[in-house]
Amino acid sequence: MTYLLEDPTYIWIIGATALTFAAVVWQQSASRAAFFGIVAAGVLTLACVAFEWLWVTPREELRLTLGDVMESIEANDMEGVLSYMSPTATESQRLVTDLMPKLDIKKARAISGVEITLDNDAHPSTGTAKFRGLFQALHKSTGVQGAKPLEVEVTFVRDGERWLVESYASPEDFRSQAAKLK
């Protein structure tokens, strides 16, 4: 069921199949009932797609939060990034306050499919986003620019109605990558 609420592709496929069958019946019979079958299949498909678009699942909320965090990083908005940090995420907060004043972030994007896992699909309290990200930055004091794709895993915690960053993990250390720009 969550697949139908997170990706409208299945709804479009089912709707197109129903519409095709209704059109074939109408072509063969040219009856008023078959025509209303076409209209009903079209209206029902559009209604289901609209419902899917309006209904935001916890997985989609987490994905949107990750996008907002990446936008704040790319905008060099340190306060904005810190607003997405859990109060207990001291290491992540320290990384942001150490590196962001030294760097001019040019790009911070997920360049591969973001894999979201939740501890509980119905009422999650934690979630993880794994992705390959592209990070491009300019060191403010030296003017040296660098870009590197990195594997990143970000752990989020639920705080009321919003997701906050609890921690991050990457095989490569962000501090050492930033130090290479000196």
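**Reading a predicted model: a hairpin, a patch and a pocket**

Author: In this predicted model, strands β4 (residues 145-159) and β5 (residues 162-169) run antiparallel and are joined by seven bridges.

Reader: What makes β4 and β5 a pair of strands?

Author: Pairing asks for at least two bridges between two strands. Seven bridges join β4 to β5, so they count as paired. One of the contacts involves D159, whose bridge partner in β5 is R162.

Reader: Nice. Which residue in the hairpin of β4 and β5 takes a positive phi?

Author: That is G160, with a phi near 70 degrees; the hairpin has two residues between its strands.

Reader: Let's turn to the surface. Why is F36 called partly exposed?

Author: The label covers values between the buried limit, under 20% relative accessible area, and the exposed one, over 50%. F36 comes to 48%, so it is partly exposed.

Reader: And where does F36 belong?

Author: F36 lies in helix α3, and it joins W26, F35, V39 and V43 in a nonpolar surface patch with about 470 Å² of accessible area together. Helix α3 (residues 32-54) gives the most to this patch, four residues.

Reader: How much space lies in the largest pocket, and which residues lie nearest its centre?

Author: The largest pocket holds about 640 Å³. Its lining has 30 residues, with I73, L95, L99, F135 and F174 nearest the centre. Elements giving two or more residues to that lining include α4 (58-74), α6 (90-99) and α7 (174-179).

Reader: Which element gives the largest share of that lining?

Author: That is β4, the strand we began with, which gives six residues.

Note on methods. Residues numbered from 1 in each chain as written. Predicted model: local features only at pLDDT ≥ 70, side-chain atom pairs only at ≥ 80, totals over all residues. Heavy atoms only, no water. Patch = residues over 30% accessible without salt bridge, like charges linked within 9 Å, V, L, I, M, F, W, Y side chains within 5 Å. Areas by Shrake-Rupley, 256 points an atom, 1.4 Å probe, with all protein chains shown as cover. Salt bridge = Lys/Arg side-chain N within 4 Å of Asp/Glu carboxyl O. Buried < 20%, exposed > 50% of the residue type's maximum accessible area, 1.4 Å probe, protein only. 1 Å grid on protein atoms, 1.4 Å probe; cavity = no way out; pocket = protein on both sides within 12 Å on 5 of 7 lines; lining within 4 Å. Points joined across faces, edges and corners; volume = space filled by probe spheres on them.
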